[in-house]
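Work through these exercises with the structure in view. Try each task before you read its solution.

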Number of protein chains: 2
Amino acid sequence: MDIESMCSRKSEKSYKKGETIIQEGDSIKEFTYLKSGLVKLYRKSSGDREQIICFALPLDFVSLLSIFSEEKYNYSVTALLDSVTCSMDLNEVKMLANQNGRFATGIMQKINRATDRIILDFLEVKQRRLFGRIAYILLYFSKVIFKQQTFELPVSRKEIAEYIGMTVENVIRTLSDLRKDGIIKIYGPTIEIVDMERLERISDLS
Amino acid sequence: MDIESMCSRKSEKSYKKGETIIQEGDSIKEFTYLKSGLVKLYRKSSGDREQIICFALPLDFVSLLSIFSEEKYNYSVTALLDSVTCSMDLNEVKMLANQNGRFATGIMQKINRATDRIILDFLEVKQRRLFGRIAYILLYFSKVIFKQQTFELPVSRKEIAEYIGMTVENVIRTLSDLRKDGIIKIYGPTIEIVDMERLERISDLS
DNA sequence: ATCAAGGCGTGATAATTATCATAACGAGAC
DNA sequence: GTCTCGTTATGATAATTATCACGCCTTGAT
């Protein structure tokens, strides 16, 4: 019994871009992963601001934090692109995990990998400044998410700001500066990385 | 078979304050938790700086990130106080987890709780500025680690800086400012929180 | 069509933080 | 002992980032 086969007999749900999949405070009843699309995991912080924790791609678990240890979600999930999730009853998953060690360690490994990734990315972002952070997230979208030099940004400038921990104005300004320096091109919502090496250097040099 | 009983027949090691328990890059052969003392988990970032990921208390796992998913540690662990660790052979733990679902979910739950804690603390720190961050970490030491208003700081100012992502000078300056405002007292390495409410207000107001 | 709201973009200014310099002090090496 | 070296400490200055203010454009509601 693996995730794939379990999923086949479980419930799929579709979400339009912008729809909320999980609301902070919801009780955790299902174990969910993303089948297609792109979502953001985020948290409401004091003063009605939001902090984006990470983005999740197809086959990533959406049930990460708090699952198996809390009763209620301490983060929200919203679709950035039209998305399909696959959910299984959490109690069934827990029972299965208790009965089947291999299944349990499989899940464990996958969740750990995801949370490790979050922590390591936080550290990467933290050691950079504005320019380095913007370069880092552009490279992230280009290399990890879209695997292309030209892509349509699935997030607003505000959401970038919420991920890297800066203000919207500075995100916008920095993108403009990168454009003025000929490192990227901006066509409305799509971004083209023109000078990949220079962007990488900026990301490395903080 | 639970962690406690498994530990009883496994190897304990003692470390003096300052000794390194795990070195980034070491291959992961054991599953380790802290029996007594206090340690820091940290990572070397570019430019021989270090970033502290978290602190671990007795009964916390020291094997967190990368374990079960990587072959080598991507972080280091060093004792901040004299510490004793308890280690089990990782392959044995994996085998046991594969055979025993309850054991596996138990570990899973504990690791998840720890990594969740790290992520949530990162978010808390991230949304604050210098003063708020210093207040937050002082409250953390006071409430979580020592459960006292007066305690001996187990970390240097530099290490505080490495945790909250600021410079040493600003950490020192901010502690001085809090002292001048009568919120804390500093006797060499020990700190007394005089005005807990004010410190909490500073932590909340960022 | 018109209005309101929100995202994008830019400039001026203020606040925050980093960097550089310097000094006192204690611990460990020799 | 004495000499480093690292930590704590403080000030002056520079760099970075946030805040405020404004205008443009698009989208959705009425």
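**Exercise 1: A salt bridge across the interface**

Find the partner of A:Arg43 in chain B.

Solution. A:Arg43 forms a salt bridge with B:Glu124. The closest N and O atoms are 3.7 Å apart. That fits the cut-off: a side-chain nitrogen of Lys or Arg within 4 Å of a carboxyl oxygen of Asp or Glu. Between chain A and chain B the count is two salt bridges.

The model is predicted: local features need pLDDT of at least 70, side-chain atom pairs count only at pLDDT 80 or more, and totals for chains, interfaces and linings use all residues. Side-chain values use heavy atoms, without hydrogens and water.

**Exercise 2: The side of chain A**

Determine how many residues of chain A are in contact with chain B, and which element gives the most.

Solution. Start with contact (heavy atoms within 4.5 Å). Here 37 residues of chain A are in contact with 37 residues of chain B. Next, turn to the elements, which are DSSP runs (helices H or I, at least four residues; strands E, at least two) numbered from the N terminus. α3(A) gives the most to this side, with 19 residues.

**Exercise 3: How the copies are related**

State the turn and the shift that lay chain A on chain B.

Solution. Superpose by least squares on the C-alpha atoms of residues with pLDDT of at least 70 in both copies. The turn is 180°, the shift along the axis is 0.0 Å, and the RMSD is 0.0 Å. The two copies are therefore related as by a two-fold rotation axis. In chain A, A:Gly101 comes closest to that axis, at 2.0 Å (C-alpha).

Note on methods
Residues numbered from 1 in each chain as written. Chains lettered and ligands numbered in written order.
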